[in-house]
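Reader: I am new to protein models and would like to learn how to read one step by step. Could we begin with a single residue and work outwards to the whole fold?

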Amino acid sequence: MLPAADAFLSELQFQTSRSSGPGGQNVNKVESRVELRFHVPTSQLLSDEQKQVLLQKLASRLTADGSLLVTAQEDRSQLRNKETALRKFHELLVKALHRPKARRATKPSKGAVRQRLESKKKHSQKKAGRGRVDE
């Protein structure tokens with residue numbers, strides 16, 4: 001079970017910088033780009049099993065010290081970029097920690113098998129009747 005997104009706030013570090021996104025001249029003077037850092041190995045909210053899953057599944061997104069890095073610079077507002085980064089972070093965790101439902105092997109019913117075989121028989125008879133006509 002994953003804790004709520006708000007629970008992680010104490011373990012997250014935010015850093016701002018100048019964005020390359022929209023904003024015109026505003027881009028050159030306002031730090032609207034938000035970078036969120038979450039150090040997976042030292043998290044108090046995640047179990048050891050969850051940490052291992054995250055370190056494995058998100059390996060390409062982690063830094064050398066095991067920090068998950070999420071950036072947002074889509075908006076001109078630093079606050080909205082911070083909200084976007086939090087949303088992206090939570091979606092990443094939910095997706096990485098999601099366990100797919102185990103598939104149970106099933107067999108087709110006898111009726112379905114019989115129907116399929118009858119259909120194949122009809123189809124082959126139809127094709128067999130398409131031969132050349134002898135005069």
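Reader: Is Thr84 buried or exposed?

Author: A residue counts as buried when its relative accessible area is under 20%. Thr84 has a relative accessible area of 16%, and therefore it is buried. Please keep in mind that this is a predicted model, and that every value we discuss is computed from it.

Reader: Where does Thr84 lie, and which residues does Thr84 touch?

Author: Thr84 is part of helix H2, and, once residues up to four places away in sequence are set aside, it touches Ala72 and Glu74. Its side chain also reaches back to the backbone, for it comes to 2.8 Å from the backbone oxygen of Arg80.

Reader: Which other residue is found in helix H2, and what does its side chain reach?

Author: Asn81 is found there too. With a relative accessibility of 0%, Asn81 falls under the 20% limit and so counts as buried. The side chain of Asn81 reaches two backbone atoms that we can name: the oxygen of Ser32, at 2.7 Å, and the nitrogen of Glu74, at 3.3 Å. Its contacts beyond four places in sequence are with Ser32, Arg33, Val34, Ala72, Gln73, Glu74 and Asp75.

Reader: Some of those residues seem to belong to strands, so may we turn to the sheet? What is the order of the strands?

Author: To read a sheet, one follows the strands from one edge to the other and asks how each neighbouring pair runs. Here three strands form an open sheet in the order S1-S2-S3, and the pairing is antiparallel. The edge strands are S1, covering 12-17, and S3, covering 67-72, each of which pairs on one side only. From one strand to the next, the twist averages 20 degrees.

Reader: How many bridges join S1 to S2, and over how many bridges do S2 and S3 pair?

Author: S1 and S2 run antiparallel and are joined by six bridges, and strand S2, residues 33-39, likewise pairs with S3 in the antiparallel sense over six bridges. Individual residues let you check this by eye: Gln15 stands opposite Glu35 in S2, while Val34 stands opposite Ala72 in S3 and Phe38 stands opposite Leu68 in S3. When you look along a strand, remember that in a regular strand the side chains alternate between the two faces of the sheet.

Reader: Where does H2 lie, and at what angle does H2 run to S3?

Author: H2 lies across S1, S2 and S3, and its direction makes an angle of about 135 degrees with S3.

Reader: At what angle do helix H1 and helix H2 pack?

Author: Two numbers describe such a packing, an angle and a distance between axes. Helix H1, residues 48-57, and helix H2, residues 78-97, pack at about 100 degrees, with their axes 10 Å apart. Angles of 65 to 115 degrees count as roughly perpendicular, so H1 is roughly perpendicular to H2. On the H1 side the contact is made by Gln50, Val53, Leu54 and Lys57, and on the H2 side by Leu93, Ala96 and Leu97. Sorted by class, these are five nonpolar residues, one polar and one charged.

Reader: How should I read residues in loops, such as Leu58 in the loop between H1 and S3?

Author: One should check the accessibility of each loop residue separately. Leu58 lies in that loop, and because its relative accessible area is 8%, it is buried. Apart from neighbours within four places in sequence, Leu58 is in contact with Leu68, Leu92 and Ala96. Leu58 and Leu68 are 10 residues apart in sequence, and their C-alpha atoms are 8.0 Å apart in space. Gln44, in the loop between S2 and H1, has 71% relative accessibility and so counts as exposed. Gln44 is 33 residues from Glu11 in sequence, yet 8.2 Å separates them in space, C-alpha to C-alpha.

Reader: How many helices and strands are there in the protein, and how do the elements run from the N terminus on?

Author: The protein has three helices and three strands, which follow one another as β-β-α-β-α-α from the N terminus. Of its 135 residues, 24% are buried. Among contacts with a separation of 6 or more, 61% are between residues 24 or more positions apart.

Conventions. Residues are numbered from 1 along each chain as its sequence is written. This is a predicted model: local features need pLDDT of at least 70, side-chain atom pairs count only at pLDDT 80 or more; totals for chains, interfaces and linings use all residues. Side-chain values use heavy atoms; hydrogens and water are left out. Axes are lines fitted to C-alpha atoms, for helices over the stretch in contact, and angles run from 0 to 180 degrees between N-to-C directions. Helices (H or I, at least four residues) and strands (E, at least two) are DSSP runs, numbered from the N terminus. Angles under 35 degrees count as roughly parallel, over 145 as roughly antiparallel, 65 to 115 as roughly perpendicular and the rest as oblique. Contact means heavy atoms within 4.5 Å. Ala, Val, Leu, Ile, Met, Phe, Trp, Tyr, Cys and Pro count as nonpolar, Asp, Glu, Lys and Arg as charged, and the others, Gly among them, as polar. Buried means under 20% relative accessible area, exposed over 50%, partly exposed in between (1.4 Å probe, protein chains only). A polar contact is a pair of N or O atoms within 3.5 Å; within protein, one must be able to donate a hydrogen and the other to accept it, and residues adjacent in sequence count only if both atoms are side-chain atoms. Two strands pair if DSSP finds at least two bridges between them.
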